[in-house]
Amino acid sequence: MTLNPKLLLVDDDRRLAESMADWLRFQQFNVDQAHSLAGGRRAIQEQTYDLMLLDLRLEDGDGFALIAETKRRQPDCAILVLTGYATPNTAIEAVQAGAFDLLTKPLVDEELSHALERALAQQNIQAENEKLRAQLDSRFGLEHILSHDYRMLKIFDVIDSVADARASVLITGENGTGKSMIARAVHKRSNRRNNPFVEVACGALPDNLLESELFGHVIGSFTGATTNKVGKFKQADGGTIFLDEIGTASQAFQVKLLRVLQELQFEPLGGTETETVDTRVILATNENLAQAVSSGQFRQDLFYRVNVINIELPALRERSGDVPLLVDHFLREVCETTGRDVQGFDRDALAILQSYAWPGNVRELENVVERAVLLARDSVLTRNDLPPHLLSSSSNPRTASDSFDSPSTLSSDSGSGQTLREALEEPERRIILESLRLHNWNRAATADTLGVNRTTLYKKMKRLGLDDPRLQFMGAEAR
């Protein structure tokens, strides 16, 4: 029971009220008394109460009036109604008015004690629910994005900062890194959260269908257009539209998209009437748009328009510390869905999962976990439950000790008997490795320092065995 709960006793029978108040104080309640409807009203205006014991029949009025006023002023106060004339209808009316329970006179001590305990227990549950709700609100929109990597935590901060902004957001990252989930998180944490979130995969549609999909069309605008169609931009009015794979858009479509982003206006395909919308635009791509601008494949003016706020998602291999967290989450999800009883991966299997490069990122990891659970014969998963390509990757001829060698430990005659390309690989590997360490494994900064684009750097790292995520955690030993 709550320590010294504050209780208001309202009963016009003074002798009964005094006797009951003494008993309640002995039960560790902090009791105030009122002997009329007017006195009860004054009390709830001056004090806040956890509980109220209220006689329905008072000399100056009906107790139902005090129930209504108390629920309006102090909605968390639990009201227990007392009456000597209870009927089934009375109980129903009291509960509908906001009473927690109805007790009939004469009261039995044990019955009253149990009723008060139930009311306080219900209040504790409500308080705990409010606390949990507040905790969920603090993660609202991010509850499905699991990470304790510092780069992802910074991204969560960015999401909070830009959620209510009107500016467009560009989310970049490899396939499977969770760009769609980030887009949904931005929407859910914004003041548009109660309005539509509309997602469009731009790369899945040819130009004419994409324009119709986004802007709508009118009857007769093209063969098969037998009715008017409302486009996705209009459907997302007041909410958010997420344009995935925007890097695949043609030059002609880019011009139309630029106008929408600048003016929030467009005409349906084949139509002449201009429509205006209030739609937040979030875009995503796995391509290097800056490079696409340089090559002329992506309009420079559109690039500057969409790249107001850029959220760059790290690949899973760059945050291998999140792998156990994600594995546990996916495993529980699959077990719940399929009814399987699997406890988890053993240490050896988990080490293989952490050392793998994950070219398909989080999506690939989810598929691997699902496959392992579905094919499992025991409650603990081992390396035998993993796909063959993960095992072959973990047994790569380049061993961990080879990968973590420092430049000073390399043989000076390592080039003897080698081709020119083989002889040049080791110096190149040393240069890239030192630059990565210098920039704390920031690949963008490393690429800029070395004078190459990120795609070239990624390919070189893979060819030279530098894409092993364990390298960045062994930097001190390697030095």
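Start by selecting Phe215, Phe233, Phe253 and Phe266, which ring pairs link into a cluster. Rings of Phe, Tyr and Trp (its six-membered ring) are paired here if their centres lie within 6.5 Å; planes under 30 degrees apart are called stacked, over 60 edge-to-face, and the rest tilted. The structure holds seven aromatic pairs. Zoom in on Phe215 and Phe233: their ring centres are 5.7 Å apart and their planes stand at 25°, so this pair is stacked. Phe215 belongs to helix H8 (residues 207–215) and Phe233 to helix H9 (residues 232–235), so the pair ties together parts that are 18 residues apart in sequence. Helices (H or I, at least four residues) and strands (E, at least two) are DSSP runs, numbered from the N terminus.

Before moving on, a word about the model: it is predicted, with local features needing pLDDT of at least 70 and side-chain atom pairs counting only at pLDDT 80 or more, while totals for chains, interfaces and linings use all residues. Residues are numbered from 1 along each chain as its sequence is written, and side-chain values use heavy atoms, leaving out hydrogens and water.

Now colour the two rings by accessibility. Are Phe215 and Phe233 buried or exposed? Phe215 counts as buried at 3% relative accessibility, and Phe233 counts as buried at 0%. On this tour, buried means under 20% relative accessible area, exposed over 50%, and partly exposed in between (1.4 Å probe, protein chains only).

Next, select Phe197, in strand E9 (residues 197–201). Phe197 is buried, with a relative accessible area of 18%. Add Phe242 and draw a distance between the two C-alpha atoms: they are separated by 7.5 Å, with the two positions 45 residues apart along the chain.

Two backbone stops follow. Go to Leu264, in the loop between helix H10 (251–263) and strand E11 (265–266). Phi of Leu264 is near 55°, a positive value in a residue other than glycine. Leu264 counts as buried at 18% relative accessibility. Then jump to Asn361, which lies in helix H15. Asn361 is not a glycine either, yet has a positive phi of about 60°. With 0% relative accessibility, Asn361 counts as buried.

Time for the charged side chains. Side chains of opposite charge can pair when their charged atoms come close. How many salt bridges does a search of the whole structure find? The search finds 25, a salt bridge being a side-chain nitrogen of Lys or Arg within 4 Å of a carboxyl oxygen of Asp or Glu. Here are some to select:

- Arg166 and Asp278 meet in a salt bridge, 3.8 Å from N to O. This pair links distant parts of the chain, 112 residues apart: Arg166 is in the loop between helix H6 (150–162) and strand E8 (169–172), and Asp278 in the loop between strand E12 (275–276) and strand E13 (280–285). Arg166 counts as partly exposed at 36% relative accessibility, as does Asp278 at 37%.
- Arg259 forms a salt bridge with Glu267, and their closest N and O atoms are 2.7 Å apart. Arg259 is partly exposed, with a relative accessible area of 27%, and Glu267 counts as partly exposed at 24%.
- Lys460 and Glu428 meet in a salt bridge, 2.6 Å from N to O. Lys460 lies in helix H20 (residues 454–463) and Glu428 in helix H18 (residues 420–438), so the pair ties together parts that are 32 residues apart in sequence. Lys460 counts as partly exposed at 22% relative accessibility, and Glu428 at 23%.
- Asp11, Asp55 and Lys105 are joined into one network by salt bridges that share partners.

For the last stop, switch on the surface and select Glu333, Glu336, Glu366 and Glu370, which gather there in a patch of negative charge. Patches are made of residues with over 30% relative accessible area and no salt bridge, and like charges are joined within 9 Å. Which helices each supply at least two residues of the negative patch? They are helix H13 (323–338) and helix H15 (361–375). Finish on Glu366, in helix H15: this residue is partly exposed, with a relative accessible area of 32%.

Definitions and conventions:
Patch = residues over 30% accessible without salt bridge, like charges linked within 9 Å, V, L, I, M, F, W, Y side chains within 5 Å. Areas by Shrake-Rupley, 256 points an atom, 1.4 Å probe, with all protein chains shown as cover. Lys, Arg positive; Asp, Glu negative; His and termini not counted. Charge placed at Lys NZ, Arg CZ, Asp CG, Glu CD.
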